[in-house]
Amino acid sequence: MPTTATPLKPHAGGLSPSSAVLTLTAALLGFALISLDASVVNVALPSIEDAFGGGMSGLQWVVDAYTLSFAALMLSTGAFSDRAGASRAYAIGIAVFTLASAACGLAPNLPALIGARVAQGVAAAVVLPASLSLVRQAYTEPAKRARAVATWAAGGAVAVALGPVAGGALTTIWDWRGVFFINLPLGAVALLLLLRAPRSERRPAPLDLPGQLLAVITLTAVTFAVIEGGVTGIVALLVAILAGVLFVRIELRRSHPVVPFGLFRSRTVSVAVASGVACSVAFFGLVFLFSLFFQQVQGRSALYAGLMFLPMTGLIGVTNLVSGKMAARHGARLPMLIGQSLAALGSLVLLCVDESTPPLLVAWLLVPMALGCALTVPPLTIAMMDAVPAERAGLAAGVLNSARQVSGGLGIAVFGALVSDGFTAGLRESLTISAALFTVTAFLSFRRAGR
């Protein structure tokens, strides 16, 4: 690559139509790739345990190593994308993600797999903001840009929805390594498409390296404490507390912190983040648990388990669109309240599930919780963006997405710890926690969101 980037040369309405389409396709494919990897691995977990052992804690780390590195570094990778240029940052991210996927597929043991998953998460954190920047640069007209961003977002939603099914199919037809090797041709195609897209200019952007480092230490230590427990867990918790205190003190003093605490003076922002956290804890935590439930408790195949998620994931994209239109017409509070109430009710309904419940019935009982989350997320995002100044919208979006990713990882850690001593009892405790979180955030949404 040349040492200096050639700025994008926009035509009327952005790049030329062919260049814009190539850029959008490359960005969408990369975003879909990193979104797919957040959900495709869950159904393969029992096969990974058969190959490497490691128990419940090992399976939790296979998922959380990706989720937490992705979430924690996303606080700074937007600034890195600006400094390096979106096209260069995107190329680096996709290349590293593809190589890390190969390392996952070739991993000889569980520690090597977890290490490669961390590398995947780091790369994914670079890809996400860079891919969105590419879309924004390719389309300068607001109407065209809105359609392009909607297409980009839909690609990620479809990938998340297809993840469990694709994971089940690849694990059954190939083996668990297939869920990682499938990324190699997709990553290569994304890079080839990027070669045809114009280069992005570099922009100055401040980096808060001390804050970023302390954020990583805090989140990793908290997750380690929850997953591992015992004396090592207590030590990890003390490390998390110390790093967290230092993080807050440093962030309050910096002019460009990775987490601007001033955002949370807005009650709408606080409610939006809390609602996003509840959705991520429940959705990602329960997908993790029911992936194990279908296979380890009910003895079904990986493909069968993946297909059991199709009713809930297949309706998410449509529900997102309905929710967005409802928020535009009635404000954010109504769809957030309906969504979180439905998710709370759906979590409670799932309390009737045990090892003898027919799998098809479980599949449909999962739908209300998932649809409740799908109704909630678009309006909470709209409410948060409306509550911050335009110049801070990107920063606020980074904080929201990072909080959602982190809470999803912590949800898997907590729920996994609960089922380790008894699956059915732990599953019911996890569902009760989910219902309680949704009840609290629904009340907060009724009081504050969208005002």
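**Entry 1: H2 and H3**

At roughly what angle do the axes of helix H2 (residues 45-52) and helix H3 (residues 55-84) cross? I looked this up first, keeping in mind that the model is predicted. The two axes cross at roughly 120° and come within 10 Å. That angle falls outside the 65 to 115 degrees counted as roughly perpendicular and is not over 145, so I noted H2 as oblique to H3. The crossing of H2 past H3 is right-handed.

Next I checked who touches whom. H2 brings Leu45, Ile48 and Glu49 to the contact, while H3 offers Gly55, Met56, Leu59, Val62 and Val63. By type, I have 6 nonpolar residues, 1 polar and 1 charged in this contact.

**Entry 2: H4 and H5**

Then I turned to helix H4 (residues 86-105) and helix H5 (residues 110-138), whose axes come within 7 Å and cross at roughly 155°. Because angles over 145 count as roughly antiparallel, I wrote H4 down as roughly antiparallel to H5. H4 passes H5 in a left-handed crossing. Their contact holds 18 nonpolar, 7 polar and 1 charged residues.

**Entry 3: H9**

How far apart are the end C-alpha atoms of helix H9 (residues 209-228)? I found 28 Å, and this agrees with the 28 Å that its 20 residues should span at 1.5 Å a residue.

I also looked for what H9 keeps buried. My list includes Gly211, Gln212, Leu214, Ala215 and Thr218, and it goes on with Leu219, Ala221, Thr223, Ala225 and Ile227. Just after H9, I came upon Gly229, which has a positive phi of about 65°.

Technical notes. Residues are numbered from 1 along each chain as its sequence is written. This is a predicted model: local features need pLDDT of at least 70, side-chain atom pairs count only at pLDDT 80 or more; totals for chains, interfaces and linings use all residues. Side-chain values use heavy atoms; hydrogens and water are left out. Axes are lines fitted to C-alpha atoms, for helices over the stretch in contact, and angles run from 0 to 180 degrees between N-to-C directions. Helices (H or I, at least four residues) and strands (E, at least two) are DSSP runs, numbered from the N terminus. Angles under 35 degrees count as roughly parallel, over 145 as roughly antiparallel, 65 to 115 as roughly perpendicular and the rest as oblique. A crossing is left-handed if the near helix is turned anticlockwise from the far one by less than a right angle, and right-handed if clockwise. Contact means heavy atoms within 4.5 Å. Ala, Val, Leu, Ile, Met, Phe, Trp, Tyr, Cys and Pro count as nonpolar, Asp, Glu, Lys and Arg as charged, and the others, Gly among them, as polar. The expected span of a helix is 1.5 Å times one less than its number of residues. Buried means under 20% relative accessible area, exposed over 50%, partly exposed in between (1.4 Å probe, protein chains only).
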